[in-house]
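Here are some exercises to work through with the model open in your viewer. Try each task yourself before you read the solution.

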Amino acid sequence: MRLCLGLLLGVALYARAQPARELTVFAAASLRESFAGLGKQFEGKHAGVKVLFNLAGSQELRTQIENGAPADVFASADHKHMQALVAAKLAADPKVFVRNEPVVVVPKGNPAGIKGLQDLPSARRIVIGVPEVPVGAYTLKILDAAVKKYGADFRARVEARVVSRELNARQVLAKVGLGEADAAIVYRTDAATAKRTVEAITIPPDVNVVAEYPIAVLAHAKQPELAREFVALVLSPAGGEILARFGFKPGGGE
Amino acid sequence: MKRRAASAWGPAQAVASALLGVFLVLPVAALFTTLTWSDFLGGLDNPLLLPALKLSFLTTTSSLALVVVLGTLLAWRVTRNPGRLSRLLEILSQLPAVIPPAVAGVGLLLAFGRRGLLGGWLDRFGVGVAFTTTAVILAESFVSAPFFIQAAIAAFRRVDENLIVVARTLGASPFRTFLRVGLPIAAPGMVAGAAMSWARAVGEFGATLLFAGNLTGRTQTMPLAVYTSMESDLRAAQALSIILVTVAFAILFVLRRVAAGRALPGTEVRGA
């Protein structure tokens with residue numbers, strides 16, 4: 001009995017014994033490399049601070065935050081999930097820090113010979129995001145907009161080729177990088193991280209959408225001061241420079 | 001007709017064994033053979049590896065300790081006090097084994113999450129369980145407990161009732177009887193059960209992802225690190241998988257040896 005109590009106590013103590021200065025950032029999967037760079041810079045300026053990242057689909061991060069996951073900052077790939085947290089008073093005052101552009105990606109060498117969005121139905125296997133993840137929602141919006149241009153059944157013809165709906169943009173990208181999918185829609189910045197394995201094809205602007213990424217400090221932040229400073233860094237010219245290096249376009253703050 | 005069926009029986013076994021054998025070994029072999037050394041070493045450089053390895057070690061040893069200590073007492077109680085309550089306990093303790101891990105994750109969240117049955121109450125005391133390392137340990141304990149409990153019950157059932165009666169009439173207390181008679185005889189079976197239970201905990205993925213999240217250094221265990229590194233680099237995922245498989249095999253091998261070694265003096269006869 002004493003042993004059990006000791007064990008339980010040990011487990012509880014371990015969970016509590018965390019170094020005081022850890023900043024936990026929940027960020028959309030497409031921000032992996034750029035936020036790693038921002039985290040490094042932040043740690044360099046704040047001695048003794050460690051930045052922890054949880055990178056996943058924005059919808060997954062939102063659910064985790066709603067269920068009490070300890071996080072200080074949330075960076076979403078769309079407004080929907082951020083607004084849900086704002087409405088629940090779990091986040092306040094989000095600011096758009098970057099914009100991003102969906103593109104069609106194909107494996108290096110383009111085995112299905114896809115030249116543009118209109119060729120998607122000729123791919124044998126397409127992978128897109130689930131409707132809940134921002135990249136999946138943007139994809140459906142693009143397909144709906146393309147209906148006017150490529151015919152009423154365009155979305156249905158593309159969806160007939162969809163073999164998997166993945167939980168975040170990077171899982172979508174990975175399937176194309178592996179050659180398991182002939183085409184997918186991800187962000188231009190995702191494609192840029194996998195230049196060795198994929199090629200990006202621009203989507204015509206008249207059917208494309210602009211992905212806006214809002215960032216906010218969370219209401220239950222354990223490190224609200226550090227969180228505000230991190231958000232300030234992301235919105236600063238220095239932070240913008242790092243984000244631009246990975247292909248993100250400036251956000252405009254609103 | 002009968003003769004022909006009989007003559008096909010041998011080859012059928014051979015073909016089935018070969019097919020199934022190749023099918024079961026091929027994915028593991030592919031893990032090891034489709035990677036060059038430099039890719040593997042590059043994969044070891046993955047920043048996710050070390051935190052995940054440490055976390056997996058810490059959480060699985062914690063969950064194993066919890067499961068073994070509490071599970072041993074439960075198994076002993078169930079075997080020594082047969083009755084309706086024990087029967088119920090035994091069945092309930094097997095429930096997690098048939099629940100899909102993703103469902104376990106949802107259940108754990110509904111029980112211990114901020115808005116959960118117990119979680120709401122815990123939250124009032126400032127104790128958050130979901131999405132912490134504690135949540136990982138709970139998820140691993142939940143899914144792995146049935147394997148140990150079942151093995152321990154089976155092992156205790158094989159302890160000869162007469163030995164216990166003798167120990168008691170010779171004046172040994174119930175606790176001493178458990179410690180000096182029950183445990184040593186059941187030990188090999190329990191070690192094997194602990195090994196299976198540990199392997200299940202190491203591989204835990206679904207419940208952890210849903211209930212504990214995927215935060216490097218805090219809740220991202222090895223299987224989650226494999227899943228996450230797939231997003232950026234298949235080779236890294238492969239290198240992590242190789243390490244996971246190798247470590248798992250090594251520890252299982254050692255545990256099996258321990259179980260076999262302990263089984264030698266006299267106890268094997270009892271099992272027969």
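**Exercise 1. Chain B as a whole**

What percentage of the contacts in chain B with a separation of 6 or more is accounted for by residues 24 or more positions apart? Describe the make-up of chain B as well.

*Solution.* Please keep in mind that this is a predicted model.

Step 1. Take the contacts of chain B with a separation of 6 or more; residues 24 or more positions apart account for 76% of them.

Step 2. List the secondary structure: chain B has 13 helices and zero strands.

Step 3. Look at the extent. The C-alpha trace of chain B spans about 75 × 65 × 40 Å along its principal axes.

Step 4. Turn to burial: of the 272 residues in chain B, 39% are buried.

**Exercise 2. One serine in a helix**

Is B:Ser63 buried or exposed? Find out which residues B:Ser63 touches, leaving out those up to four places away in sequence.

*Solution.* Step 1. Locate the residue: B:Ser63 sits in helix α3 of chain B.

Step 2. Count its surroundings. B:Ser63 has 27 other C-beta atoms within 10 Å, and the cut-off for a buried residue is 20 or more, so B:Ser63 is buried.

Step 3. List the contacts. Beyond four places in sequence, B:Ser63 touches B:Ile137, B:Glu140, B:Ser141, B:Ser144 and B:Ala201.

Step 4. Check a distance. B:Leu138 is 75 residues away from B:Ser63 along the chain, and their C-alpha atoms are separated by 7.1 Å.

**Exercise 3. The sheet of chain A**

In what order do the six strands of the open sheet in chain A run? Then follow the pairing of β10(A).

*Solution.* Step 1. Write down the order: β2-β1-β3-β10-β4-β11 of chain A, with mixed pairing.

Step 2. Mark the edges. β2 (50–56) and β11 (249–250) of chain A each pair on one side only.

Step 3. Pair β10(A) with β3(A). Strand β3 (residues 73–75) and strand β10 (residues 211–218) of chain A are antiparallel and share three bridges. One of the bridge pairs is A:Val73 with A:Val217, and A:Phe74 is the bridge partner of A:Ala216.

Step 4. Pair β10(A) with β4(A). These two strands also run antiparallel, joined by seven bridges; among the pairs is A:Lys95 with A:Ile215.

Step 5. Consider burial. Eight of the eight residues of β10(A) are buried, so this strand is largely enclosed by the rest of the structure.

Step 6. Add the helix. α9 (residues 224–235) of chain A lies across β1 (22–28), β3, β4 (91–100) and β10 of chain A, at about 155 degrees to β10(A).

**Exercise 4. Two positive phi angles**

Where do A:Asn110 and B:Phe131 lie? Compare their backbone angles and their surroundings.

*Solution.* Step 1. Recall the background: most residues other than glycine have a negative phi.

Step 2. Read the angles. A:Asn110 has a positive phi of about 50 degrees, while for B:Phe131 phi is positive at about 65 degrees; A:Asn110 is not a glycine, and B:Phe131 is not one either.

Step 3. Place the residues. A:Asn110 belongs to the loop between β5 (102–107) and β6 (126–129) of chain A, and B:Phe131 to the loop between α6 (119–124) and α7 of chain B.

Step 4. Count neighbours. A:Asn110 has 16 other C-beta atoms within 10 Å and is partly exposed, whereas B:Phe131 has 27 and counts as buried.

**Exercise 5. Contacts between domains and between chains**

How many residues does each domain of chain A give to the contact between them? Do the count for the two chains too.

*Solution.* Step 1. Set the bounds. The domain assignment of chain A gives domain 1 (2–99 + 212–250) and domain 2 (102–202); their centres, taken over C-alpha atoms, are 28 Å apart.

Step 2. Count the domain contact: 15 residues come from domain 1 and 15 residues from domain 2 of chain A. On the domain 1 side, α3(A) gives the most, with three residues.

Step 3. Count the chain contact: chain B provides 25 residues and chain A 22 residues. The largest share of the chain B side, five residues, comes from α3(B).

Step 4. Sort that chain B side by class, which gives eleven nonpolar, eleven polar and three charged residues.

How values were computed. Residues are numbered from 1 along each chain as its sequence is written. Chains are lettered from A and ligands numbered from 1 in the order in which they are written. This is a predicted model: local features need pLDDT of at least 70, side-chain atom pairs count only at pLDDT 80 or more; totals for chains, interfaces and linings use all residues. Two residues are in contact if their C-beta atoms, placed from the backbone, lie within 7 Å. Helices (H or I, at least four residues) and strands (E, at least two) are DSSP runs, numbered from the N terminus. Ala, Val, Leu, Ile, Met, Phe, Trp, Tyr, Cys and Pro count as nonpolar, Asp, Glu, Lys and Arg as charged, and the others, Gly among them, as polar. Two strands pair if DSSP finds at least two bridges between them. Axes are lines fitted to C-alpha atoms, for helices over the stretch in contact, and angles run from 0 to 180 degrees between N-to-C directions. A residue is buried if 20 or more other C-beta atoms lie within 10 Å of its own, exposed if 12 or fewer, and partly exposed in between; C-beta atoms are placed from the backbone. Domain bounds come from an automatic or database domain assignment.
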